[in-house]
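These are my notebook entries on a single structure. I set down what I looked up, in the order in which I looked it up.

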Amino acid sequence: MLFNLRILLNNAALRNGPNFMVRNFRCGQPLQNKVQLKGRDLLTLKNFTGEEIKYMLWLSADLKFRIKQKGEYLPLLQGKSLGMIFEKRSTRTRLSTETGFALLGGHPCFLTTQDIHLGVNESLTDTARVLSSMTDAVLARVYKQSDLDVLAKEASIPIINGLSDLYHPIQILADYLTLQEHYGSLKGLTLSWIGDGNNILHSIMMSAAKVGMHLQVATPKGYEPDPNITKLAEQYAKENNTQLSLTNDPLEAAHGGNVLITDTWISMGQEEEKKKRLQAFQGYQVTMKTAKVAASDWTFLHCLPRKPEEVDDEVFYSPRSLVFPEAENRKWTIMAVMVSLLTDYSPQLQKPKF
């Protein structure tokens, strides 16, 4: 019996190449999966189907279970390197990416504006080509989405949006994993956004309907989401039979919501607007008064860092607040993004019910 097993394994190794034994017995046998993301860019969730988003969440749960719960060592990115361009400061994005990439056996390289000044000391085209020759992927946290678009066009490696003025897709994956863990399923949940029509909201609008969630949005007048993104989100809602509503009334958006979500009112680069914005957002603080009109199983999300005017302590530190599991899940979801874009690994954990 042992002899026959050796023959089978040797034959399989010949068919599948020298990495077969390592891949199948150190990391578990990959499953056949119809979703293939290897080599793709992640600039916005607009470019991903519901099944592809669910796959990344499944892979996130798989890595979290195998590494955190079971204590397995999975060097899936051994020998690979990641360029990390940060035009804006960061806690969660930098730490989750650096530690996550290293935990999977890869080497992350952090670059600030003092190291690399996009489009200033070197053209975006030249930067993309140089990085493509030295790294396996690039995560860039930038001011302008258009810079990411150029990098993706000119690079021969995956480009990941670590935050731009228009989108923040990797944050939304962490949000969805957190909700999946808490509620057991995403389908049918109602998200209530109360705050600015910013990059976080845009990413939710590009993805919520695709995984079966309803979205109720409240923003002050003059701070609504981008109209082109709204138009596309309305199309997604129609295609997926979900509800999308926009209002200027925070309590109307919170009514019946399972998940109350807000974010900073003053993003980096908007500091000179602080006084004007604080005045415009009066009445938008998430409090227990807000929660009273929400669903009985309401929870709260905030991508951090948080200011007290956005949400009071009673909600932020309540048992209903998922902000700290949400922050941790930044790590597991960015790890899943890297693995899905750079390897052929498939999740071993049973697929969750989304």
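The entries below go from the whole chain to single residues.

**Entry 1: basis.** I note that this is a predicted model, in which local features need pLDDT of at least 70 and side-chain atom pairs count only at pLDDT 80 or more, while totals for chains, interfaces and linings use all residues. Residues are numbered from 1 along each chain as its sequence is written, and side-chain values use heavy atoms, with hydrogens and water left out.

**Entry 2: the chain.** I looked up the secondary structure and found 14 helices and nine strands; these are DSSP runs, numbered from the N terminus, with helices (H or I) of at least four residues and strands (E) of at least two. Of the 354 residues, 55% count as buried. Buried means under 20% relative accessible area, exposed over 50%, and partly exposed in between, with a 1.4 Å probe and protein chains only. Next I looked at contacts, meaning heavy atoms within 4.5 Å. Among contacts with a separation of 6 or more, 74% join residues 24 or more positions apart.

**Entry 3: the cores.** I then looked for nonpolar cores, each a set of buried Ala, Val, Leu, Ile, Met, Phe, Trp, Tyr and Cys residues joined through side-chain atoms within 4.5 Å. The largest has 66 residues, and those touching the most other members are Leu-42, Leu-63, Ile-160, Tyr-176, Leu-186, Leu-191 and Ile-204. A second, separate core holds 20 residues, including Tyr-223 and Trp-298. In soluble globular proteins, nonpolar side chains tend to be buried together. I followed Leu-191 further: beyond four places in sequence, its contacts include Tyr-176, Ile-204, Met-213 and Val-259.

**Entry 4: Leu-43 and H3.** I found Leu-43 in the loop between helix H2 (20-26) and helix H3 (50-69). Leu-43 is buried, because its relative accessible area is 9%. Which residues does Leu-43 touch, not counting those up to four places away in sequence? They are Gln-145, Leu-148, Asp-149, Ala-152, Ile-159, Asn-161, Tyr-167 and Pro-169. Leu-43 and Ala-140 lie 97 residues apart in sequence, with their C-alpha atoms 9.7 Å apart in space.

For H3 itself, I record that 16 of its 20 residues are buried. The expected span, 1.5 Å times one less than the number of residues, is 28 Å for H3, and the 27 Å between its end C-alpha atoms agrees. Gly-71, with a positive phi near 70 degrees, follows H3.

**Entry 5: cavities.** I looked up enclosed space and found two cavities of 30 Å³ or more. On a 1 Å grid over the protein atoms alone, a cavity is a set of points where a 1.4 Å probe fits but cannot get out, and lining residues have an atom within 4 Å of a point. Grid points are joined across faces, edges and corners, and a volume is the space filled by probe spheres set on the points. The largest cavity has a volume of about 60 Å³. Its lining includes Ile-204, Met-205, Ala-233 and Ala-237, and helix H8 (199-205) and helix H9 (227-240) each supply at least two lining residues.

**Entry 6: backbone.** Most residues other than glycine have a negative phi, and most peptide bonds are trans. I found Leu-163, in strand S4 (residues 159-163), with a positive phi of about 145 degrees. Leu-304, in the loop between S9 and H13, has a positive phi near 70 degrees. The peptide bond from Leu-304 to Pro-305 is cis, with omega near 0 degrees.

Definitions and conventions. On a 1 Å grid over the protein atoms alone, a cavity is a set of points where a 1.4 Å probe fits but cannot get out, and a pocket is an open set with protein on both sides within 12 Å along at least five of seven lines; lining residues have an atom within 4 Å of a point.
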